[in-house]
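Student: I'd like a close look at a single part of this one, and how it sits in its surroundings. Can you walk me through it once it's on screen?

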Amino acid sequence: MTPIDPCPIADRQVCLATRDLSRAVLRRLCEAAAGIEPRIKTIVATQVDGSGEYALWRLHGDDGRLLLQFDLLRNPGAAWGPLISDVSFLAQLANLRTHPPGYFYVHPLSDPRDIAIPLPSNPRGLAPRTIGPLK
């Protein structure tokens, strides 16, 4: 089921292109996460100093248990670099003010600086988008 786009008709193609780009970033994010720790199913990140950049905060498994919590004052290491950059990029693509949570695969948390990104169970990416009604 394709989510309803809340954008005005004039902006709809831009929103769809942004959603497709978000899907590609999420696919790359899933592959990077699976390469580091295959049990990661939800990434929680927090905005750093209002700069628009995000830092990894917590990683959760499919049962919701905390797998790893990062110290926000320390660099997590080079292995996490691609994951951090994809999380920041995906969070910046998501305009949570005008779109519902999850439309760009990002969910806001109670603190406005924090976001959650649930990863699809398939690390190779999301299923192809269906076009038209299902038969």
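Student: Which residues of helix 2 are buried?

Tutor: Keep in mind that this is a predicted model. The buried residues of helix 2 are Leu 83, Asp 86, Val 87, Ser 88, Leu 90, Ala 91 and Leu 93. They pack against helix 1, strand 1, strand 2 and strand 5. As for the helix itself, helix 2 has 13 residues, so at 1.5 Å a residue the expected span is 18 Å, and the end C-alpha atoms are indeed 18 Å apart.

Now for what lies around helix 2, starting with the sheet. The sheet is open, has five strands in the order 3-2-1-5-4, and pairs antiparallel. Strand 3 (66-69) and strand 4 stand at the edges with a single partner strand each, so one side of each has no neighbour in the sheet. Helix 2 packs on this sheet, touching strand 1, strand 2 and strand 5, and its direction makes about 105 degrees with that of strand 2.

Let's take those three strands in turn. Strand 2 (residues 54-60) is largely enclosed by the rest of the structure, because five of its seven residues are buried. Strand 2 is joined to strand 1 by six bridges, and the two run antiparallel. Along that pairing, Gln 47 faces Tyr 54 of strand 2, and Ile 43 stands opposite Leu 59. The hairpin of strand 1 and strand 2 has six residues between the strands, and in it Asp 49 takes a positive phi near 55 degrees. That's worth a glance, since most residues other than glycine have a negative phi. Towards strand 3, strand 2 makes three bridges, again antiparallel, with His 60 partnered by Leu 66. The hairpin there has five residues between the strands, and Gly 64 takes a positive phi near 90 degrees.

Strand 1 also pairs with strand 5, through five antiparallel bridges. Ile 43 turns up again here, opposite Ile 117 in strand 5. Strand 5 in turn is joined to strand 4 by two bridges, antiparallel once more, and His 107 stands opposite Ala 116.

The loops by strand 4 are worth a stop too. Tyr 105 sits in the loop between helix 2 and strand 4. Tyr 105 has a positive phi of about 70 degrees although it is not a glycine, and it counts as buried because its relative accessibility is 13%, under the 20% cut-off. Past strand 4, in the loop leading to strand 5, comes Leu 109. At 33% relative accessibility, Leu 109 counts as partly exposed. Not counting residues up to four places away in sequence, Leu 109 touches Val 44, Asp 114, Ile 115 and Ala 116. Leu 109 and Ala 45 are 64 residues apart in sequence, yet 9.9 Å apart in space, C-alpha to C-alpha.

That leaves the other helix. Helix 1 (residues 12-36) has 25 residues, so at 1.5 Å a residue it should span 36 Å, and its end C-alpha atoms are 36 Å apart, which agrees. Its buried residues include Cys 15, Arg 19, Val 25, Leu 26 and Leu 29. Helix 2 (81-93) is among the elements that cover the buried residues of helix 1, as are strand 1 (42-47) and strand 5 (114-118). So to return to where we began: the buried residues of helix 2 pack against helix 1 as well as strand 1, strand 2 and strand 5.

Technical notes. Residues numbered from 1 in each chain as written. Predicted model: local features only at pLDDT ≥ 70, side-chain atom pairs only at ≥ 80, totals over all residues. Heavy atoms only, no water. Helix = DSSP H or I, 4+ residues; strand = E, 2+ residues; numbered from the N terminus. Expected span 1.5 Å × (residues − 1). Buried < 20%, exposed > 50% of the residue type's maximum accessible area, 1.4 Å probe, protein only. Contact = heavy atoms within 4.5 Å. Pairing = 2+ DSSP bridges. Axes fitted to C-alpha atoms, helices over the stretch in contact; angles between N-to-C directions.
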